[in-house]
Amino acid sequence: MSQSPETLLTGLRATPPLVQCITNYVAMNIAANVMLAAGASPAMVSDVEEAEEFAGIAGAVTVNIGTLSPPFVAGMHAAIRGARGAGRPWVLDPVACQATAYRRAVVQALVAEGPTIIRGNASEILSLAGEASRGQGVDGRDPVAAAEEGARRLARSSGAVVAVTGEVDYVTDGERAVRIGGGSPFMPMNTALGCSLTCLCGAYAAVAEDAFDAAVAGLAHFAVAGAKADEGASGPGSFAPRFLDALAAVTPADLSRGAIYDAAVPA
Ligand SMILES: Nc1ncnc2c1ncn2[C@@H]1O[C@H](COP(=O)(O)OP(=O)(O)O)[C@@H](O)[C@H]1O
Ligand SMILES: Cc1ncsc1CCOP(=O)(O)O
Ligand SMILES: [Mg+2]
């Protein structure tokens, strides 16, 4: 039976999961604050010397290719080994994976390792699905609707739950699919919120029985908090602290009431 975002947020706050976040230099501080505000326990641990061992004590691992370099890649593969060895979920964020040959090669190798969830903007998901992408660096430039079919194909070929974010988010495991509305136009004007959301999907995956439910809950938490923070924000700067406050203030019941869900039927 599926677990609602309300049930999962209650569980997350009752027992904050330790999440090993391998993320980029831009996101490290922002994502850690987002995780703490939401109710999770982040640890930005990425070096190859300890990444595999640490994954053995974490509830989930998240891997983000935003500021890519060979030492990061070694740490990513070590952490994934640790997560797989411990039977824990791991989440991939394919930041700007369309941009360079190095990113394309690294991300393909990571997808081959069997992520539990892939969370990216529409341009990144289109690229992973083998389609043309209008992504400009780390910023998405394609509508989510254009990536829905590719997301379903990617989910089927990789075995991952695929979460595509933008104005209206889309989550699919290749069979089931849901759209989630809400959020704020100030969100893409704040760097590293997508990266932070990927970490939060890891937190929900650590407490959920099913990765699809985990991704829906993570995206719903952002959608509801984003809409709440938008009220009274006059620009991206004043939005940022309001968003952290809203992530903490959101109640489990808000996730049932606040997010706009649409049970999209996959073709
Ligand atoms: N125009 C928008 N309106 C409302 N929410 C948005 C909008 N664009 C992005 N978001 C939200 O911002 C968060 C990060 O998504 P996104 O910007 O797609 O990721 P990334 O930062 O990786 O490109 C998600 O919660 C998404 O729903
Ligand atoms: C600006 C930037 N450059 C490399 S990673 C990064 C952060 C991207 O964050 P997000 O994908 O969440 O917008
Ligand atoms: Mg991103």
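How many C-beta neighbours does E113 have inside 10 Å, and does this residue count as buried, exposed or partly exposed? In this predicted model, E113 has 16 such neighbours and therefore counts as partly exposed, since a buried residue would need 20 or more and an exposed one 12 or fewer. E113 is placed in the loop between α5 (101-112) and β5 (117-121), and its C-alpha lies 17 Å from that of S46, a residue 67 positions away in sequence.

The predictor's confidence in the model can be stated at two levels. For the chain, the mean pLDDT is 97, with 99% of the residues reaching 70 or more, while for the complex the predictor gives an ipTM of 0.99 and a pTM of 0.98.

The overall form of the chain was considered next. The chain is built from 11 helices and 9 strands, and its C-alpha trace spans about 45 × 40 × 40 Å along the principal axes. A compact globule of 267 residues would have a radius of gyration near 18 Å, and the 16 Å found for the chain agrees with this. Of the 267 residues, 56% count as buried, and among contacts with a separation of 6 or more, 72% are accounted for by residues 24 or more positions apart.

In soluble globular proteins, nonpolar side chains tend to be buried together. In the present chain, the largest nonpolar core has 95 residues, and those with the most contacts inside this core are I117, A203, Y204 and A215. The largest share of the core, 13 residues, is contributed by α9. When residues up to four places away in sequence are left out, I117 touches V91, A160, V161, A163, C201, A205, A211, A214 and A215; A215 is thus both a contact of I117 and one of the residues with the most contacts inside the core.

Two ligands are accompanied by shells of residues that can be described separately. Around ligand 1 there are 17 residues, of which N121, T165, G183, M187 and G194 come nearest. Both α8 (193-207) and α9 (211-230) supply at least two residues each to this shell, whose composition by class is 7 nonpolar, 8 polar and 2 charged residues. Around ligand 2, the residues are N24, V26, A27, G66, T67, V95, V138, T191, A192, L193, G194 and C195, and this shell has 7 nonpolar and 5 polar residues but no charged ones. G194 appears in both descriptions, being listed around ligand 2 and among the residues that come nearest to ligand 1.

Most residues other than glycine have a negative phi. A192, which belongs to the residues around ligand 2, has instead a positive phi of about 70° although it is not a glycine. A192 is found in the loop between β8 (177-181) and α8, and with 23 C-beta neighbours inside 10 Å this residue counts as buried. A positive phi, of about 55°, is also found at A96, again not a glycine. A96 lies in the loop between β4 (90-93) and α5 and is buried, with 25 other C-beta atoms within 10 Å.

A further loop position is that of S234, between α9 and α10 (236-249). S234 has 8 other C-beta atoms within 10 Å and is therefore exposed. Although S234 and F186 are 48 residues apart in sequence, their C-alpha atoms are 9.4 Å apart in space.

Technical notes:
Residues numbered from 1 in each chain as written. Chains lettered and ligands numbered in written order. Predicted model: local features only at pLDDT ≥ 70, side-chain atom pairs only at ≥ 80, totals over all residues. Near = placed C-beta within 6 Å. Helix = DSSP H or I, 4+ residues; strand = E, 2+ residues; numbered from the N terminus. Nonpolar A, V, L, I, M, F, W, Y, C, P; charged D, E, K, R; others polar. pLDDT = per-residue confidence, 0-100. Core = buried A, V, L, I, M, F, W, Y, C linked by C-beta atoms within 7 Å. Contact = placed C-beta atoms within 7 Å. Rg over C-alpha atoms; globule rule 2.2 N^0.38 Å.
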